[in-house]
Amino acid sequence: MASVPSLASTLQQQLADALTAALPDAGAADPLLRRSDRADFQANGILALAKKLKGNPRELASQVTAAIPAGELIKEIEVSGPGFLNITLTDRAILETLAARAADAEGRLGVPTAQDAGTTVVDYAQPNVAKEMHVGHLRSAVIGDAMVRILEFTGESVVRRHHIGDWGTQFGMLIQYLVEHPDQLSHETAGSDAASAGEAAMSSLNRLYKASRALFDTDEEFKARARDRVVALQAGDPQTLAMWQRFVDESKVYFYSVFDKLDMEISDPDIVGESGYNDMLEETCRILEETGVAVRSEGALCVFFEDVKGPDGNQVPLIVKKTNGGYGYAATDLSAIRDRVQNLKANTLLYVVDARQSLHFKMVFETARRAGWLGEDVKAHQLAFGTVLGKDGKPFKTREGVTVRLEDLLDEAVSRATAVVREKAEKVGLSEEEIVENGRYVGIGAVKYADLSTSAVRDYKFDLDQMVSLNGDTSVYLQYAYARIRSILRKAGDAKPVAHPELELAPAERALGLHLDRFGETLDEVAAGYEPHKLAAYLYQLASHLTTFYDQCQVLSDENAPEVVENRLFLVELTARTLHTGMELLGIRTPERL
């Protein structure tokens with residue numbers, strides 16, 4: 001089905017046409033339309049035109065008003081102040097537009113796909129091999145997953161990339177220990193679920209890491225053998241690579257179990273770690289040096305920047321290749337850019353990475369631009385995120401001062417949420433199986449929403465009590481709003497959701513309808529600015545409008561005419577579909593009964 005133009009875009013076009021007709025000397029002019037609390041919309045563009053044409057803004061506003069054709073869109077236009085246009089739409093226009101959205105057979109609620117869509121590589125959820133995932137891994141995974149969903153919904157072709165830490169000198173120590181203690185990665189996983197298998201894998205890896213680190217720190221001969229093993233790994237020794245692969249495979253079992261708890265899908269082909277670019281590193285360095293982008297400095301290959309200086313006032317370089325011939329992170333990141341642009345044909349590279357790495361990525365992107373790998377046709381953007389804080393406003397840690405394991409945090413959220421669901425279960429008639437399932441959906445949704453409802457670059461406090469609250473800006477509030485609508489629709493009997501454009505709308509109905517029509521505009525803004533918190537804000541406002549609607553408008557009432565019941569069922573049913581779609585784009589489930 002064709003996309004449904006929003007009321008705002010239809011009105012914008014009508015006003016632009018009227019401006020051209022009434023004021024031909026002004027040329028193409030923007031009416032500067034915005035939402036208003038004085039009417040449905042306000043147009044402020046005539047003030048600027050009045051200055052340009054040296055005319056009286058109120059008189060020009062009257063001329064423009066007269067040029068707007070009579071129709072079924074606009075109910076009233078009032079010229080206010082120095083030439084503002086306050087515009088109220090007809091109830092019929094609102095309901096007909098919403099009916100067209102509801103009739104979208106593709107389930108997109110009439111939201112168009114972008115005409116100029118390209119290919120975006122999203123780099124997110126980047127854990128390290130042989131290390132536990134902790135609270136610091138949460139934001140990249142949650143924000144990245146939401147942006148992938150949103151960009152795909154808008155029509156963008158998205159390539160997922162999980163740039164895992166799977167290479168480096170620590171593997172010499174781990175592999176050498178495994179060579180000398182080959183049974184240390186053995187554990188039973190057959191027949192176990194993903195969570196149990198992941199826990200067993202991580203337990204085994206943790207045990208091995210601690211034992212190898214202890215030996216490395218106390219045994220000089222083992223330390224020498226471990227360093228030789230690094231050389232063998234980098235040289236591609238088959239036995240060493242096979243051992244290394246065991247660590248990667250074991251870690252993936254663990255990664256998948258954690259992402260499964262987060263209700264995120266991670267596919268093996270999307271995992272391309274640091275090692276995936278090893279074959280490109282030397283060529284990347286050669287190109288940078290030959291083109292003069294990088295220069296030798298004290299034996300290292302470096303890129304310098306006028307605006308990046310240390311405390312001593314000297315320029316701080318991006319080190320691509322170290323003095324000892326080893327490659328820095330920059331070489332890997334630059335090789336990844338080459339691969340994503342040249343082989344994956346990306347137009348946009350989106351990195352969902354901690355704000356504390358902003359300087360590194362600024363230097364990497366500028367280097368890639370100088371080398372010609374980025375430019376007008378290919379952009380790179382860091383979606384930088386802040387830190388997860390505890391209730392005390394400090395980086396979130398356990399009482400012992402240890403960084404919180406991500407699994408423990410998720411398990412606690414699900415446990416708290418399940419208790420909240422259980423309190424209401426008897427009233428709703430939930431089975432034990434539904435309580436457990438809904439507890440998982442509510443708990444994981446609470447964690448995701450707390451993250452996504454905050455502007456990514458800001459730090460936020462991790463407060464589970466607030467996250468699972470039924471009141472305020474929480475995912476539970478939105479999930480209950482959805483479940484309540486589903487309950488009303490089940491109780492409606494023979495009454496069906498049907499739009500009746502001939503009806504006059506109550507104020508709460510109009511407010512809900514106008515907000516429903518903004519869904520597509522919101523998604524455009526979210527996708528363009530990589531700002532999922534704006535979608536979370538839209539959904540919270542939608543649920544708030546719904547609460548006001550319930551307070552002022554009875555849906556199922558014997559006192560209502562049948563067409564009023566049908567129209568109100570139509571409004572709440574479309575609200576439920578919009579909530580479900582929006583929450584799904586954030587990676588959050590909406591249970592049918594809560």
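In this predicted model, the buried residues of helix H19 are covered by several other helices. The cover includes helix H5 (138–153), helix H14 (432–452) and helix H16 (475–491). Helix H17 (507–516), helix H18 (519–529) and helix H20 (562–585) also contribute to it. H19 itself spans residues 532–552 and has 21 residues. From its first C-alpha to its last, H19 reaches 31 Å. That is close to the 30 Å expected at 1.5 Å a residue. Its buried residues start with Pro532, His533, Leu535 and Ala536. They continue with Tyr538, Leu539, Leu542 and Ala543. Leu546, Phe549 and Tyr550 complete the list.

Tyr550 also takes part in a contact between a charge and a ring. Arginine 484 lies over the face of tyrosine 550, at 3.9 Å from the ring centre. A second arrangement of this kind involves arginine 108, which lies over the face of phenylalanine 153. Here the distance from the ring centre is 4.1 Å.

Threonine 474 sits in the loop between helix H15 (464–467) and H16. The residue is buried, with a relative accessible area of 3%. Leaving aside residues up to four places away in sequence, threonine 474 touches Tyr449, Gln466, Met467 and Ser469.

The chain as a whole holds 20 helices and 13 strands. Its C-alpha trace spans about 90 × 65 × 45 Å along the principal axes. Of the 594 residues, 52% are buried. Contacts between residues at least 6 apart in sequence were also examined, and 73% of them join residues at least 24 apart.

Four of the strands were examined as a sheet. These 4 strands form an open sheet in the order S6-S5-S10-S11, with parallel pairing. Strand S6 (157–161) and strand S11 (379–385) are the edge strands, and each pairs on one side only. From one strand to the next, the twist averages 20 degrees.

Strand S5 (residues 119–123) pairs with S6 in the parallel sense over 5 bridges. Threonine 119 has serine 157 of S6 as its bridge partner. Valine 122 stands opposite arginine 160 in S6. S5 is mostly covered, with 5 of its 5 residues buried. In a regular strand, side chains alternate between the two faces of the sheet. In S5, both faces are covered. Thr119, Val121 and Asp123 are buried on one side. Thr120 and Val122 are buried on the other.

Helix H12 lies across S10 and S11. The helix runs at about 180 degrees to S11. H12 also contributes to ring packing. The structure holds 10 aromatic pairs. One of them joins tyrosine 351 and phenylalanine 365. Their ring centres are 5.4 Å apart, with 50 degrees between the planes, and the pair is tilted. Tyrosine 351 lies in strand S10 (residues 348–354) and phenylalanine 365 in helix H12 (residues 358–371), so the pair ties together parts that are 14 residues apart in sequence. Both tyrosine 351 and phenylalanine 365 are buried.

Phenylalanine 365 has a further partner in phenylalanine 361. The ring centres of this pair are 5.8 Å apart and the planes lie at 50 degrees, so the pair is tilted. Phenylalanine 361 and phenylalanine 365 both belong to helix H12. They are 4 residues apart, about one turn of the helix. Both are buried. Ring pairs thus link Tyr351, Phe361 and Phe365 into a cluster.

H12 is also the element that holds residues 358–371, and one residue in that range, His360, is touched by alanine 330. Alanine 330 is found in helix H11 (residues 329–342). The residue is buried, with a relative accessible area of 2%. Its C-alpha atom is separated by 8.0 Å from that of histidine 360, which is 30 residues away along the chain. Leu318, Ile319 and Val320 are also among the residues that alanine 330 touches, not counting those up to four places away in sequence.

Definitions and conventions:
Residues numbered from 1 in each chain as written. Predicted model: local features only at pLDDT ≥ 70, side-chain atom pairs only at ≥ 80, totals over all residues. Heavy atoms only, no water. Phe/Tyr/Trp six-rings, centres within 6.5 Å; stacked < 30°, edge-to-face > 60°. Helix = DSSP H or I, 4+ residues; strand = E, 2+ residues; numbered from the N terminus. Buried < 20%, exposed > 50% of the residue type's maximum accessible area, 1.4 Å probe, protein only. Lys NZ or Arg CZ within 6 Å of the ring centre and 35° of its normal. Contact = heavy atoms within 4.5 Å. Pairing = 2+ DSSP bridges. Axes fitted to C-alpha atoms, helices over the stretch in contact; angles between N-to-C directions. Expected span 1.5 Å × (residues − 1).
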